[in-house]
Amino acid sequence: MTFTISSPANAIIGRYNLILQVISRNKIFSRFLGQFVILFNPWCPGDDVYIANENERQEYVLNENGIIFVGNAKYIEARGWYYGQFQDHILNICLTMLDLSLYYRQDPAVDVSRRGDPKYVGRVISSMINGNDNDNGVLLGKWQGSFHSHENPSRWDGSVVILQKWRQDNYKPVQYGQCWVFAGVMCTVLRCLGIPTRLVSNFNSAHDVDRNLSIDKYYDSSGKSLNISKDSTWDYHVWNESWFIRPDLGTRYNGWQVLDATPQEQSK
């Protein structure tokens with residue numbers, strides 16, 4: 001017997017068990033045939049992540065190597081990064097990441113039912129890349145102090161070692177990461193799941209915590225800086241953009257969508 005499986009373009013991604021069931025008279029015989037995995041498909045026009053340009057599919061889905069730009073506006077440094085999304089065990093690690101999230105633990109049925117939506121999956125992964133929410137995240141962030149007891153973020157040059165260490169340590173956050181490391185690892189996971197993803201570097205960056213569209217600094221009458229404002233500035237910041245359509249917002253918003261895995265402040 002030969003049979004073919006055709007999955008819909010909006011199928012839920014993840015692991016599937018394939019079972020053959022034969023009914024003969026009043027008896028039922030079942031046999032487990034194996035397991036297969038469904039991913040997002042940027043080559044399928046009906047998929048939300050479909051990207052028409054083949055060169056862009058090669059770059060943003062299949063390329064395992066990239067460059068991350070860091071430094072400052074006057075001295076931009078190019079760092080090589082190995083994404084390694086097709087290396088051994090990486091797919092299983094990425095799928096396990098979905099099952100370890102707070103979203104899954106709070107309501108497994110609802111979480112799994114939404115895994116055909118790249119918006120939702122991107123949201124879950126961006127939360128799981130950092131370990132600051134006590135959710136078994138991949139990386140713990142650190143920006144000051146000593147790194148002597150753990151890995152200095154500047155020494156990482158790829159995602160595979162980080163993801164493998166996370167799994168080997170029973171999914172405890174790897175120490176330590178900073179923005180470009182969070183972005184590099186997130187790019188690996190999203191490309192592995194079939195979502196076209198790239199990195200974006202911005203120089204002279206700022207974080208407007210109170211959302212008043214300004215970066216506030218306070219000084220006393222003698223000119224001494226006061227540590228009142230929670231707004232912050234830094235030389236550069238790196239985040240991700242993923243390609244998918246936005247039926248919730250309208251076609252004018254289709255295309256590259258911003259995702260940022262660096263922990264800055266809590267959101268939903």
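**Notebook: helix α2 and the whole chain**

I started with helix α2, residues 90-100, and found this helix mostly covered: eight of its eleven residues are buried. I am working from a predicted model.

I then listed which α2 residues are buried. They are Ile90, Ile93, Cys94, Leu95, Thr96, Met97, Leu98 and Leu100. I note that the run from Ile93 to Leu98 is among the buried positions. "Buried" here is a relative accessible area under 20%.

Next I looked up burial for the whole chain. The chain has 268 residues, and 40% of them count as buried. I also pulled the accessible surface, which comes to about 15700 Å². Carbon and sulfur atoms hold 48% of that surface.

I turned to the fold. I count seven helices and eleven strands in the chain. The C-alpha trace spans about 95 × 45 × 35 Å along its principal axes. For contacts, I took those with a separation of 6 or more. Residues 24 or more positions apart make up 63% of them.

Charges came after that. I find 26 positive and 27 negative side chains. The centres of the two sets lie 6 Å apart.

Last, I checked the record. What does UniProt place at residues 171-263? The unreviewed entry gives the feature "domain: Transglutaminase-like" there. I looked at the same span in the model. Residues 171-263 are 15% helix and 40% strand. The end C-alpha atoms of this span lie 18 Å apart.

Key. Residues are numbered from 1 along each chain as its sequence is written. This is a predicted model: local features need pLDDT of at least 70, side-chain atom pairs count only at pLDDT 80 or more; totals for chains, interfaces and linings use all residues. Side-chain values use heavy atoms; hydrogens and water are left out. Helices (H or I, at least four residues) and strands (E, at least two) are DSSP runs, numbered from the N terminus. Buried means under 20% relative accessible area, exposed over 50%, partly exposed in between (1.4 Å probe, protein chains only). Contact means heavy atoms within 4.5 Å. Accessible areas come from the Shrake-Rupley method with a 1.4 Å probe; for residues, only the protein chains shown count as cover. Lys and Arg count as positive and Asp and Glu as negative; His and the chain ends are not counted. The place of a charge is taken as NZ of Lys, CZ of Arg, CG of Asp or CD of Glu. UniProt positions are given in the numbering used here, feature names are shortened, and annotations may be inferred rather than shown by experiment.
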